[in-house]
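Subject: A structure for you to look at

Hello,

Here is the structure I promised you. Please open it and keep it in view while you read my notes below.

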Amino acid sequence: MARAPARVSFAPPQAAVRAAGLLRPRTGHYAAEFLPTTVLMAVAGGLFRRLGDSWDRTS
């Protein structure tokens, strides 16, 4: 007959993580990641729109 697995408490590691401040929201960090990505996607979209179907044109 198989034994039931022992119960593990995650309270001590979770308390250490919270005490270190690792679960706080990092709003500035997310904004700094999101803004350049958005700008680059807009530039890429503009370039694709400007190029249009240039590969389909024949001389």
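First, a term. A residue is called buried when its relative accessible area is under 20%, exposed when it is over 50%, and partly exposed in between. Keep that in mind for helix α2, which is hardly covered: among its 25 residues, the count of buried ones is 0. One caution before we go on: this is a predicted model.

**The whole protein**

The protein has 2 helices and 0 strands. How does its radius of gyration compare with that of a compact globule of 59 residues? The globule would come out near 10 Å, but the protein has 26 Å. Along the principal axes, the C-alpha trace spans about 75 × 40 × 10 Å. Of the 59 residues, 2% count as buried. The accessible surface is about 6,100 Å². Carbon and sulfur atoms account for 64% of that surface.

**Helix α2**

This helix covers residues 27–51. From first C-alpha to last, α2 reaches 36 Å. That is close to the 36 Å expected at 1.5 Å a residue.

Now look for a nonpolar patch on the surface. Which residues form it? They are L35, V39, V43 and L47. Together they have about 370 Å² of accessible area. L35 sits in α2. Its relative accessibility is 54%, so L35 counts as exposed.

G46 also lies in α2. Is G46 buried, exposed or partly exposed? Its relative accessible area is 38%, so G46 is partly exposed. Next, find P12. G46 and P12 are 34 residues apart along the chain. Their C-alpha atoms are separated by 51 Å.

**Two glycines outside the helices**

Start with G21. This glycine is in the loop between α1 (11–19) and α2. Why does G21 count as buried? Its relative accessibility is 17%, and the cut-off for buried is under 20%.

Then go to G52, just after α2. G52 takes a positive phi of about 60°.

How far apart are G21 and G52? In sequence, 31 residues separate G21 from G52. In space, the C-alpha to C-alpha distance between them is 49 Å.

**To recap**

Helix α2 has 0 buried residues. G21, in the loop before that helix, does count as buried, at 17%. The radius of gyration is 26 Å, against near 10 Å for a compact globule of 59 residues.

Best wishes

Conventions:
Residues numbered from 1 in each chain as written. Predicted model: local features only at pLDDT ≥ 70, side-chain atom pairs only at ≥ 80, totals over all residues. Heavy atoms only, no water. Patch = residues over 30% accessible without salt bridge, like charges linked within 9 Å, V, L, I, M, F, W, Y side chains within 5 Å. Areas by Shrake-Rupley, 256 points an atom, 1.4 Å probe, with all protein chains shown as cover. Salt bridge = Lys/Arg side-chain N within 4 Å of Asp/Glu carboxyl O. Helix = DSSP H or I, 4+ residues; strand = E, 2+ residues; numbered from the N terminus. Buried < 20%, exposed > 50% of the residue type's maximum accessible area, 1.4 Å probe, protein only. Rg over C-alpha atoms; globule rule 2.2 N^0.38 Å. Expected span 1.5 Å × (residues − 1).
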